[in-house]
Amino acid sequence: MKSKSLLIIFILAIDVLVFSGCAGAPGKFARTREQMGTFVTITLYSSSGRRADAAIDAAFAEIEHVESVMSSYRKDSELNKLNAAGADGFAASDELFEIIEKSLEISELTEGAFDITVGPLVAEWLIAKNENRAPDAVALAEAEKRVGYKKVMLDHKTKTVRFAEPGMRIDLGAVAKGYAVDRAMEALMGKGIESALVDAGGDVLAKGKKPDGRLWTIGIQDPRAKSLESTILNVENMSVTTSGDYQRYIESGGRRYSHIFDPRTGKSSDCVSATTIAPTAMRADALSTAFCVLGPEKGIEVAESLNGIEAFIIDVDGKTYSTTGFSIFVVPEE
Ligand code: AMP
Ligand code: MG
């Protein structure tokens, strides 16, 4: 309880418009808020503090809305209503239908490595995590029978989503954050902002250039490196998103059980980290998860086959793999 109130004080303290700059020239404004189970920071340049504040409010409101539709953790989210309806079918909102439709397309592009029907596996993983033990292999094998993106039926006319089998569950944890980041950026642009960075705990989208013509920089940290060494990227109108086992995992019997599953086997992936550069945060988010599952060789091969996508993958031995176009974005070390 005490730590919760301390946390709230901290959040209130940081959700304040921070301004730096000089009069006349566009100034830099930033605010951070806890949303979607992480800290979201919005940074932008504007010549008006009032406009900056209104834009950031609109962006946070957009993220809040996406969370109310797509969260697995909120009982009353639209997604949970859809999951409850299951095999009976559910007439979804345009946005929920769209993200499910796009997610199924990404499943096709990634040979089923990305699959939003991992819900039953994730549910088992969460029970194990709460009980501080390894996920139960028998329960996972049972859950795996209810996984499979081809068993999600879409009716485009009525925007109805129906599961072919009872007990299936959609989990948008690998894609909703990216989608929310895209929507937040649209909200900023709708308020006249042309240069901004939205960072939702590793899902980052950069728009435009800074007023002095420089590009936004985004660092990717090597999660297992002891030093704070990181790769720095320069991007414009691109998202950089990282997935990995370093934030959420169960450690038991000398093994790590990642929250990222291979939907084709029902087993936790042993991915350390996969970073994707893509034109939208939604695509970058989904593909990072897929590259984690596919592993370095296959992940890079699939990334090379996709237009406008770059990937950077770190394996368990710390070895790095990247697409040929990735280096264009890397800022050379001084
Ligand atoms: P991310 O951090 O974007 O890689 O998302 C990981 C989350 O996505 C997990 O916590 C699960 O909720 C969900 N998930 C796990 N494995 C997969 C998968 N293979 N495809 C799609 N979603 C997944
Ligand atoms: Mg993802």
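## K151 and its surroundings

K151 touches K145, R146, R162, F163, A164, E165 and M168, leaving out residues up to four places away in sequence. This comes from a predicted model. K151 sits in the loop between α6 (137-144) and β5 (152-155). Is K151 buried or exposed? K151 has a relative accessible area of 18%. Buried means under 20%, so K151 is buried.

## The disulfide

How many disulfides does the structure hold? The structure holds one. The disulfide joins C271 to C292, with an S to S distance of 2.1 Å. The two cysteines are 21 residues apart and link distant parts of the chain. C271 lies in the loop between β15 (267-268) and β16 (273-278). C292 belongs to helix α8 (residues 281-294).

A disulfide is a covalent bond between the sulfur atoms of two cysteines. Here the torsion about the S-S bond of C271 and C292 is about -45 degrees, so the disulfide is left-handed. C271 is buried, at 6% relative accessible area. C292 is buried too, with a relative accessibility of 3%.

## The nonpolar cores

The largest nonpolar core has 71 residues. Which of its residues touch the most other members? They are L44, L96, I100, I170, L172, L188 and F291. Helix α8 gives the most to this core, with 10 residues. Apart from this core lies another, of 17 residues. Among the members of that other core are L233, M238, V272 and I277.

L172 deserves a separate look. With neighbours within four places in sequence left aside, L172 is in contact with M70, L79, L96, I99, S103 and I116.

## Helix α4 against α8

Helix α4 (residues 94-109) meets α8. Their axes come within 11 Å and cross at roughly 45 degrees. That angle makes α4 oblique to α8. The crossing in which α4 passes α8 is right-handed.

Which residues make the meeting between α4 and α8? From α4 come I99, K102, S103, I106 and L109. From α8 come M282, R283, A286 and L287. Two of these α4 residues appear above: I99 and S103 are also in contact with L172.

## Helix α4 against α7

Helix α4 also packs with α7. The angle is about 125 degrees, and the axes are 11 Å apart. That makes α4 oblique to α7. The crossing of α4 and α7 is right-handed.

The contact uses E95, E98 and I99 on the α4 side. On the α7 side it uses A176, Y179 and R183. I99 therefore needs naming twice, because I99 of α4 touches α7 and is also among the residues that meet α8.

## A180 in helix α7

A180 is placed in helix α7 (residues 176-190). Is A180 buried or exposed? A180 counts as buried, at 0% relative accessibility. Leaving aside neighbours within four places in sequence, A180 is in contact with M36, I63 and V66.

How far apart are A180 and A281 in sequence and in space? In sequence, A180 and A281 are 101 residues apart. In space, they are 8.3 Å apart, C-alpha to C-alpha.

## D57 in helix α2

D57 is found in helix α2 (residues 49-70). D57 counts as partly exposed, at 38% relative accessibility. D57 and I42 are 15 residues apart along the chain. Their C-alpha atoms are separated by 10.0 Å.

## Two positive phi values

N132 has a phi near 55 degrees, a positive value in a residue other than glycine. N132 lies in the loop between α5 (119-130) and α6. N132 counts as exposed, with 64% relative accessibility.

K159 has a positive phi as well, near 55 degrees, and is likewise a residue other than glycine. Where is K159 placed? K159 is in the loop between β5 and β6 (160-163). At 27% relative accessibility, K159 counts as partly exposed.

Conventions:
Residues numbered from 1 in each chain as written. Chains lettered and ligands numbered in written order. Predicted model: local features only at pLDDT ≥ 70, side-chain atom pairs only at ≥ 80, totals over all residues. Heavy atoms only, no water. Disulfide = S-S within 2.5 Å. Helix = DSSP H or I, 4+ residues; strand = E, 2+ residues; numbered from the N terminus. Buried < 20%, exposed > 50% of the residue type's maximum accessible area, 1.4 Å probe, protein only. Contact = heavy atoms within 4.5 Å. Core = buried A, V, L, I, M, F, W, Y, C linked by side-chain atoms within 4.5 Å. Axes fitted to C-alpha atoms, helices over the stretch in contact; angles between N-to-C directions. Parallel < 35°, antiparallel > 145°, perpendicular 65-115°, else oblique. Left-handed = near helix turned anticlockwise from the far one by under 90°.
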